[in-house]
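Trainee: Could you take me through one part of this structure in close detail? I would like to see how a single helix sits among its neighbours.

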Amino acid sequence: MTKNDLLELVAFALDLDKVDEGASMNNLDDWDSLGHLSILTSIDKKLQGKASSISGLASATSISSIITLLKDNDLIDE
Amino acid sequence: MKFLSIDCMLGSELKTANDLSDHIVISTLKKIEEKSGIINRRVCSELESAASLAKKLLNNIESQKHLNDADLLIVVSESKPSPIPPMSSHILSEFGLKEGLIVLDLDSGCAGYVQALQVVDAFFRNPLIKKALIITTDAYSKLIKSDDRSVAPIFGDGSSFTVLVNDGSNSIKAFHNGTDATKADNLMTNENSNRSLHMEGAEIFMFVKKYIPPSIRHCLKFSSEEVESIDYFFLHQASLLVMKELREDLCISESKSPFLIANTGNLVSTSIPFVLSQYLDKLNNKTIVLSGFGVGLTWSTIVMELK
């Protein structure tokens, strides 16, 4: 998965046209607890079930923190 | 082990999204309804409680008969009114002396019924233990604030009474249990005087994704079964979202994994017996999987072969 894939995936999960790398639960109304579940589900599908093994992903509520966790687990391409 | 009967009692009040609309905006409630699959919830009235629902189930001649000749009673509940005595004492207080009855209490919530079946199975290895009863009862609504959208639109209150007899068969072919207490604070009540339930839905969701499909696969492998050879998967009824994820992950059809809480809400310890009760007449000579998961965070899975 690339950063662009992640941005597209989050936008799709939140039913938005696009999101940028600064997006988070704090600055997007659509990123509420349900939206967060949609994001987690989409990431997990994209990673073919690997997301549930990433410690801390459930509480990562910004694009930047998700990218950091995916990088730490070698699951995102630069 | 043979299921003789399962009776259920739900809270008497029917609640809809509109009942929460003073506290949560209706568009949010509709989104939650769509994801959770829960349209109506059955909750206790002010006069009802987890103990009173269970007492209602026992308050008839047939139940009394079972209570008088059973060897083992397991009560599964997290809703006791005070730390001491156990919930079983609150429930049995009106039913007189039960000499010779082993009474055990489990407070493991949504996994509790499946754990209780394993305890019954172990007791039934002794042929002198001929009849066992399991009562589940919870009333989370008493712990929920109406403005907490992570829990208020989700949970209902209910109780069940299962009667099992020892027919000499070893019904449980495989089991897999576990707990991750490092994550316990994702589903717990706070410590202040106005106890209320707190749930981190995303953490619970990831816990389920991580542990439940492998637990079910482990049981299938150990019992030499395949998804296709299992007649029914009775999974804890947390929400439609969770059920859909498990179905997809394990490639289970909708018809084999019923979701029946659209008009009750998540009934916690009663969720699995509630579904099971509606299938009991279809379970002769069937192989079934039961998996409960939640508070703890704990899970419990079994494969049962029923005669």
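Mentor: Happy to! Let me start with a term: two residues count as in contact if their C-beta atoms, placed from the backbone, lie within 7 Å. Keep in mind, too, that this is a predicted model.

Our helix is H3 of chain B, which covers residues 61-69 and has Ser63(B), His66(B) and Leu67(B) as its buried residues. Look down the axis of H3(B): the buried residues fall within an arc of 100 degrees, so they line one face of the helix. The general geometry fits this nicely: an α-helix has 3.6 residues a turn, so residues three or four places apart point the same way.

What does that buried side pack against? The buried residues of H3(B) pack against helix H2 (50-58), strand S6 (131-139) and strand S7 (157-165), which belong to chain B as well. Now turn to the face of H3(B) that points away from the buried side: Ile61(B), Glu62(B), Lys65(B) and Asp69(B) are the exposed residues there.

For some context, glance at chain A. Chain A has three helices and zero strands, in the order α-α-α from the N terminus. With a radius of gyration of 11 Å, close to the 12 Å that the globule rule gives for 78 residues, chain A is therefore as compact as a globular protein of that length. Its C-alpha trace spans about 30 × 20 × 20 Å along the principal axes, and 32% of the 78 residues of chain A count as buried.

How values were computed
Residues numbered from 1 in each chain as written. Chains lettered and ligands numbered in written order. Predicted model: local features only at pLDDT ≥ 70, side-chain atom pairs only at ≥ 80, totals over all residues. Buried ≥ 20, exposed ≤ 12 C-beta atoms within 10 Å, placed from the backbone. Helix = DSSP H or I, 4+ residues; strand = E, 2+ residues; numbered from the N terminus. Arc of directions from axis to C-beta. Rg over C-alpha atoms; globule rule 2.2 N^0.38 Å.
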